[in-house]
Amino acid sequence: MPAPDDRSWMYEALRLAAKGRGRTSPNPMVGCVLVNDGVLAGSGWHRRAGGPHAEVLALAAAGARAKGATAFVTLEPCAHHGRTPPCVQALIAGGVSRVVAAMEDPDPRTAGRGLAALRAAGIKAEVGLLFEQARRLNEQYVHHRTTGRPFVTYKAGVSLDGRTAAADGSSQWITSPQARLDAHRLRARSDAICAGVGTVLADDPQLIPRGVSSSCAPLRVVVDSHARTPPGARVLSGEAPTVVFTAAGDGTAGAMALKEAGAEVVDAPGSDGRVSLTDMLQGLGEREIVSLLLEGGATLAGGFAAQGLIDRFVFYVAPKLLGSSQSGALRGFCAGSVTDALDLVIGEARRIGPDLRVTAYPAWKAG
């Protein structure tokens, strides 16, 4: 059973790991704390993909104090050579005597091999301390490594009675400036932002973060079965790359016009003549898109929900009532009875200005 101090040190490692949020993809967020004789010897956190890993930074900070120390790390040290050398070799060379990992790395290139290598070198290696906190921190990375698809978050601004627009179709702005700024933070922390062609035609969005810092411009994804996106649409501006998924073939006149406008066009037809959402997600996963933010519209979100492809819901609920408008957050997804409802587990609810931000997960995925 871990000592109380072990939990405190692992919480510190988790706190450090979270500082890399939105900056490390496709790598996970990782924090590492080195402790020698109950005293902090060194610490580090993974700052960006391609940069030094948390363990290497902690070892550098500790110097000679790393010898005989315990390393508390939020994820199993990597055992493969990717953009950087394996962290297990650095820990062995640094002379640590014990490694406590919050969870195994689901990446098949490591997946237990890092812990095995440490034990083979005579280092005591433990796993599982604060597992649930570590898994939630890297939920997007874990999902990508275990399914091959990006973790899909559906974000929507709704009234208190669940409407996304008034009877005349107006929707700007249901939520407050504070909520909209928080939504831009979601964009900045996502690898890709997705919208349907209906939203592109109705709102002409750019689908880029505004007013917040971002390590890189997220990929913009448009689901457009019949290649109807206008070549002059703002989503095709040069501020970020854009890929348009169609079901009509990439040699049609519409597709050719999109290519000339600078978009990448990918043909991913489903059996119903529309874009296959599962094929699209698989293709994005192969591009190392770990997180996808689904922004619009309600018809596309309904299609994702009907196929069980939404991994997290984020609703910004404004203290407004819009009445009997039929504009709901999920169009085409309909529970025939209460027993058919999609059950969710509330992960968090907090105030954002005058609005309420509710984060929820499908119950069958939440575990």
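**Entry 1: the aromatic pairs**

I began with two rings and noted that tyrosine 154 and phenylalanine 313 are both buried. The model I am reading is a predicted one, and I keep that in mind throughout these entries. For phenylalanine 313 I found a relative accessible area of 2%. I then looked up the aromatic pairs and found that the structure holds 3 of them. In one of these, the ring centres of tyrosine 154 and phenylalanine 313 lie 6.4 Å apart with the planes at 80°, so I entered the pair as edge-to-face. Since tyrosine 154 belongs to strand S6 (residues 151-159) and phenylalanine 313 to strand S12 (residues 312-318), the pair ties together parts that are 159 residues apart in sequence.

Phenylalanine 313 also pairs with phenylalanine 315, and I recorded this pair as stacked, with 6.0 Å from centre to centre and 20° between the planes. Phenylalanine 315 is buried as well, at a relative accessible area of 17%. I therefore listed Tyr154, Phe313 and Phe315 together, because they form one aromatic cluster.

**Entry 2: the open sheet**

Next I traced an open sheet of 5 strands, whose order is S2-S1-S3-S4-S5 and whose pairing is mixed. Strand S2 (39-45) and strand S5 (124-127) stand at the edges with a single partner strand each, so one side of each has no neighbour in the sheet. On average, and with direction ignored, I found neighbouring strands of this sheet turned by 15° against each other.

At the S5 edge, I noted that strand S4 (residues 98-101) runs parallel to S5 and is joined to it by 4 bridges. Within this pairing, valine 100 stands opposite glutamate 126 of S5.

I then looked up which helices lie across these strands. Helix H2 (residues 54-62) lies across strand S1 (31-36), S2 and strand S3 (70-73), and runs at about 140° to S2. Helix H4 (residues 113-120) lies across S4 and S5, running at about 155° to S5. Alanine 116 is a residue of helix H4, and I entered it as partly exposed, with a relative accessible area of 41%. From its C-alpha atom to that of glycine 308, 192 residues away along the chain, I noted a separation of 36 Å.

**Entry 3: charged side chains**

For salt bridges I arrived at a count of 18. One of them joins lysine 124 to glutamate 126, with the closest N and O atoms 3.6 Å apart. Lysine 124 counts as exposed at 52% relative accessibility, whereas glutamate 126 counts as partly exposed at 24%.

Another salt bridge joins the side chains of glutamate 132 and arginine 135, at 2.7 Å from N to O. These two residues are 3 apart in helix H5 (residues 131-137), which means that about one helical turn separates them. Glutamate 132 I recorded as partly exposed, at 40% relative accessibility.

Arginine 136 took up two notes. It forms a salt bridge with glutamate 139, the closest N and O atoms being 2.7 Å apart, and its charged end sits over the ring of tyrosine 361, 4.2 Å from the ring centre. Arginine 136 is partly exposed at 29% relative accessibility, while glutamate 139 is buried, with a relative accessible area of 8%.

I found a further charge over a ring at arginine 47, whose charged end sits over the ring of tryptophan 45, 4.2 Å from its centre. Last, I entered a network of salt bridges that links Asp182, Arg185, Glu348, Arg350 and Arg357.

Terms used
Residues numbered from 1 in each chain as written. Predicted model: local features only at pLDDT ≥ 70, side-chain atom pairs only at ≥ 80, totals over all residues. Heavy atoms only, no water. Pairing = 2+ DSSP bridges. Axes fitted to C-alpha atoms, helices over the stretch in contact; angles between N-to-C directions. Contact = heavy atoms within 4.5 Å. Phe/Tyr/Trp six-rings, centres within 6.5 Å; stacked < 30°, edge-to-face > 60°. Buried < 20%, exposed > 50% of the residue type's maximum accessible area, 1.4 Å probe, protein only. Lys NZ or Arg CZ within 6 Å of the ring centre and 35° of its normal. Salt bridge = Lys/Arg side-chain N within 4 Å of Asp/Glu carboxyl O.
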